[in-house]
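Here are a few friendly notes to read alongside the model. Please keep the viewer open as you go through the points.

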Amino acid sequence: PFLQKGDIVLDGGNAHFEDTERRQEELSRSGIQLIGCGISGGEKGARYGPSIMPGGKSEIYPEVREVLETIAARDPRGNPCCTYIGPGGSGHFVKMVHNGIEYAEMQLIAEVYHLLSRQFSYSEIADLFEQWNKGDLSSFLLEITVRILRKKEGRDEFLLDQILDEAGNKGTGGWSVKAALDLGSVNSMMGAAVFARYRSSDPIRKRLGAERTISGGPEHIASTGEIDPNVLENAYRFARIINHYQGFELLRQASNTYRWHLDLSDLSRIWTNGCIIRSALMQQCVSWFADAETILDLPDVREELHGLEADVSSVILRGHENRVPLPAFSTAWNDWVSMTTGQLPANLIQAQRDSFGAHTYLRRDDLEGKPHHTNWEADD
Ligand code: 6PG
């Protein structure tokens, strides 16, 4: 009732992009425009400049451009971390995927911390993360983790030890995974991160009880195989690239499906500052996407991942030896190996589908031909 024709509403919350599109449609009937404006940066961003992702009608953007670009954070070249994203709910969609990437980035750091804490003290882990944060692995999330690991309560107690290990969520990670399922995009890292949060929310008593029954408690878990921080650093580098690959693939596929014409290089640019997933890798993405459609189209990146692959296997093995779950690392490795394996067992899946449901299959010797069906029970 407070709105009138010609008004522009900016929705700066984490709305689902389909709700945004429905609201845009409804409001436009009264001559009111809605801009679905993804905003990232938390409390600090709100005060010192966030990353802003406005989506809606392109002809409306010039009306709000100045105010948004003035309050936005600045990228390394001094340009605002705000750009017109695209039509409809695209602004909220990209913010949702930002959060999906954020979930997986947080999960990876949590897994590294979990594994390292079997053999290193919090201050040693903080020192290591501080070291990593000086080079190509630097990120806002790693930076805050160093501070978290050092935070004490009283003289000797670490605050982290008092925090209940049940991760909350407000839904945007799950939305991203659902969007990936809808679009047929592989987003196993976000999925692993969301499910790890859900699993952590099993009642702690239940988990503790099960741990005691299965292994006799943490003191009985044999810690074998020394964890080499340099190997872990490489595995972390690898898994972050896969996470960014998967996240941006979801955006690219959404852009194609919904005809949003997203500019992934410019999008990476507005995520280089102000937002939660700002990092040296995000700065790298700006130039990667200027040169290629996907990160893995770049031969240098493929070569780098290939070179790091063995270190990821070794970290996953250390996880097994120390009974530390590493869902995000494992799925990063699995997806990379699947992507780079010529013969997957999907031929068997196709045969099973055809056997029980006559779903048909394509033959290698007849790729352009019609789907084939076999009577699997007939004697040859
Ligand atoms: C940001 C954050 C923020 C985000 C929550 C995630 O970019 O500033 O992504 O918008 O939505 O921090 O919350 P949950 O972890 O509770 O889902």
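1. Is His261 buried or exposed? In this predicted model, His261 has a relative accessible area of 69%. The cut-off for exposed is over 50%, so His261 counts as exposed.

2. While you have His261 on screen, have a look at its backbone. The phi of His261 is positive, at about 55 degrees, although the residue is not a glycine. As for its surroundings, His261 sits in the loop that lies between helix H11 (229–258) and helix H12 (264–270).

3. Ala358 deserves a visit as well. Ala358 is not a glycine, yet its phi is positive, at about 50 degrees. You will find Ala358 in the segment after helix H16 (346–357). With a relative accessible area of 44%, Ala358 is partly exposed; that class runs between the 20% limit for buried and the 50% limit for exposed.

4. Now to the strands. Strand S1 (residues 8–11) pairs with S2, and the two run in the parallel sense, with 4 bridges between them. If you want one pair to display, choose Ile8, whose bridge partner in S2 is Gln33.

5. How many of the 8 residues of strand S2 are buried? The count is 7, so strand S2 (residues 33–40) is largely enclosed by the rest of the structure. Buried here stands for a relative accessible area under 20%. As a reminder for viewing, side chains in a regular strand alternate between the two faces of the sheet.

6. Stepping back to the whole chain, the secondary structure amounts to 16 helices and 5 strands. The radius of gyration is 23 Å, close to the 21 Å that the globule rule gives for 380 residues, so the protein chain is as compact as a globular protein of that length. Along its principal axes, the C-alpha trace spans about 75 × 65 × 45 Å.

7. Some totals on packing may help you too. Of the 380 residues in the protein chain, 45% are buried. Among contacts with a separation of 6 or more, 69% come from residues 24 or more positions apart.

8. Finally, the surface and the charges. The protein chain exposes about 20,400 Å², and carbon and sulfur atoms supply 51% of that area. The chain carries 39 positive and 54 negative charges, and the mean positions of the two sets are 6 Å apart.

Conventions: Residues are numbered from 1 along each chain as its sequence is written. This is a predicted model: local features need pLDDT of at least 70, side-chain atom pairs count only at pLDDT 80 or more; totals for chains, interfaces and linings use all residues. Side-chain values use heavy atoms; hydrogens and water are left out. The radius of gyration is taken over C-alpha atoms; the globule rule is 2.2 Å times the number of residues to the power 0.38. Buried means under 20% relative accessible area, exposed over 50%, partly exposed in between (1.4 Å probe, protein chains only). Contact means heavy atoms within 4.5 Å. Accessible areas come from the Shrake-Rupley method with a 1.4 Å probe; for residues, only the protein chains shown count as cover. Lys and Arg count as positive and Asp and Glu as negative; His and the chain ends are not counted. The place of a charge is taken as NZ of Lys, CZ of Arg, CG of Asp or CD of Glu. Two strands pair if DSSP finds at least two bridges between them.
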